[in-house]
Amino acid sequence: MKKIPVILIFDVGKTNKKLFLFNDKYKIVYEESAKLQEIVDEDGFPSEDIVALTQWITSSLQRMVNHTDFKIKAINFSAYGASFVYIDEKGELLLPLYNYLKPYPEKLMEEFYENYGGKKEFSKLSASPILGSLNSGLQLYRIKYEKPEIFEKIKYALHLPQYLSFVVTQIACSEITSIGCHTNLWDFSSNDYHTWTCKEGIRAKLPPIYKSDHCHLIKINNGNILVGIGLHDSSAALIPYLSSFHEPFVLLSTGTWCITLNPFNYSPLNHEELNKDCLCYLTYQGKSVKASRLFAGYEHEKQVLRLSDHYKLPAEHFGALEYNTATKISSKETERTNGVSFSQRDLTEFQDGDKAYNELIVNIVNSQYLATKLVLKGTPSKRIFVDGGFSKNDIYMHLMAQAFPDLEVYAASVAQASALGTALAIHKHWNFKPLPSDIISLKYFSDAIDTGRLPSII
């Protein structure tokens, strides 16, 4: 039987490691998932087991290349950002993959910002709030001053997606979506590395920048396969939308973090936006994307457990609740801003668990309104696409439509958006068919009052 031509995508999250095979119509024809046990670094802080991850990549690749049903035409990689892998001249690992949640030494951080223009000005140029280890460039800065002997041995610091590509190709690359995600490495005003990277000798540790859609032709098992250089997962998740829609839109990607991405907001970040946790990403085409972040998925999960325990109901009960038209969000800006956090509410004030859960979602949507509005301001975007966990929550989606009555609000469904976007990024290299038009499913939500307004896309 003739083998099916496919692209292999490794999609590496902090919790789940996945691989997918997409056919030339970008339908998933095979998938696997693995969970790798975390280890601890020299300070006892949890970290990714980079050795185990490397072994998983190499062993999985061999199995897929030898699969009797599929012919691997191309390979690419999607992974979480703000994480560096350090290799020496021989390509050997030098250090753990440090966790971006690891606390950063306060004194060293203050010294850094004092030397390079102060926090306000630096954040504006690098388009990122002050995030400690999440500013991955500061991880290299820390190694230079805390482990100078190791720093000298570093040939290259590779962001995780590019390290995964290196495992297969042995070619070291830098890539713009990884560089441009709150790293402190990039100066968005000059569209180049920030000057501090040269002054501190950091720039010399970063390999050449390749275009995000670049592929290397590699011989594997006597066959030639195209191998991409990897993408930051948040930027990759935007690609299916940029490929499918050309009118201005905003994507609200919901998960542990709910990130509002506006690829049509070109204004520089101001200090107010930075103070409210806004930042900029770079698309795979090198364009700036203004974004705001809200830790809403995490808060939702935590509060659902609290409700489940208090009302003696399974957590699944709350997610299955349907929207009640009596449920309203705040209509006044002052109420949205000054509302009491649900975590501070006494559950005995609610008649039952359903009413309490509705109030939780009201609280979350009020906060989301404020966060999303920050990146909507002054742009022509008329649509909000909501994907991820909250897109399947009926109450949340109806309340989002209430919150933004002048916009079209859609629940969007994309099968594995980060992995799909990573495949689409190198479409022209491996797939000669036109891009399919049905890669995104949409469900329109109207505001509570029926205005007779019809959506412009269905």
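Two strands pair if DSSP finds at least two bridges between them. With that criterion in hand, the reader may turn to the structure, which is a predicted model.

A suitable starting point is strand β17, which spans residues 288–294. Most of this strand is covered, as 5 of its 7 residues are buried. Strand β15, residues 258–262, runs antiparallel to β17 and is joined to it by 5 bridges. Within this pairing, N262 stands opposite K290 of β17. Strand β17 also pairs with strand β16, residues 278–282, again in the antiparallel sense and over 5 bridges. Here L282 has S288 in β17 as its bridge partner. Strands β16 and β17 together form a hairpin, with 5 residues between them. In the turn of that hairpin, G286 has a positive phi of about 85°.

A second group of strands is arranged around β12, residues 223–228. Strand β6, residues 70–79, pairs with β12 in the parallel sense over 2 bridges, and the bridge partner of I75 in β12 is V227. Strand β11, residues 215–220, pairs with β12 in the antiparallel sense over 6 bridges. In that pairing H216 stands opposite V227. V227 is thus a bridge partner of I75 and also stands opposite H216. Strands β11 and β12 form a hairpin with 2 residues between the strands, and N221 in this hairpin takes a positive phi near 50°.

The cysteines come next. A disulfide is a covalent bond between the sulfur atoms of two cysteines. The structure holds 0 disulfides. Why does C215 form no such bond? The closest cysteine sulfur to that of C215 belongs to C173 and is 11 Å away, which is too far for a bond. C215 counts as buried, because its relative accessibility is 13% and the limit for burial is under 20%. C278 is likewise without a bonding partner, because the closest cysteine sulfur, in C280, is 8.6 Å from its own. C278 is also buried, with a relative accessible area of 0%.

The aromatic residues offer a further view of the fold. A pair of aromatic rings is described by the distance of the centres and the angle of the planes. The structure holds 32 aromatic pairs. One of them is formed by F10 and W56, an edge-to-face pair with 5.6 Å centre to centre and 80° between the planes. This pair links distant parts of the chain, since F10 lies in strand β1 (residues 4–12) and W56 in helix α1 (residues 50–65), 46 residues apart. Both F10 and W56 are buried.

F112 and W196 form another edge-to-face pair, with 4.8 Å centre to centre and 85° between the planes. Here, too, distant parts of the chain are linked: F112 belongs to helix α2 (residues 106–115) and W196 to helix α8 (residues 195–199), 84 residues apart. F112 is buried, with a relative accessible area of 0%, and W196 is buried with a value of 0% as well. F112 and W196 are also members of one aromatic cluster, which includes Y113, Y116, F122, Y141 and Y145.

Aromatic rings also meet charged side chains. The charged end of K14 sits over the ring of Y100, 4.6 Å from its centre. The ring of W257 has the charged end of R293 over it, 4.0 Å from the ring centre.

Definitions and conventions. Residues are numbered from 1 along each chain as its sequence is written. This is a predicted model: local features need pLDDT of at least 70, side-chain atom pairs count only at pLDDT 80 or more; totals for chains, interfaces and linings use all residues. Side-chain values use heavy atoms; hydrogens and water are left out. Buried means under 20% relative accessible area, exposed over 50%, partly exposed in between (1.4 Å probe, protein chains only). Helices (H or I, at least four residues) and strands (E, at least two) are DSSP runs, numbered from the N terminus. A disulfide is a pair of cysteine sulfur atoms within 2.5 Å. Rings of Phe, Tyr and Trp (its six-membered ring) pair if their centres lie within 6.5 Å; planes under 30 degrees apart count as stacked, over 60 as edge-to-face and the rest as tilted. A charge sits over a ring if NZ of Lys or CZ of Arg is within 6 Å of the ring centre and within 35 degrees of the ring normal.
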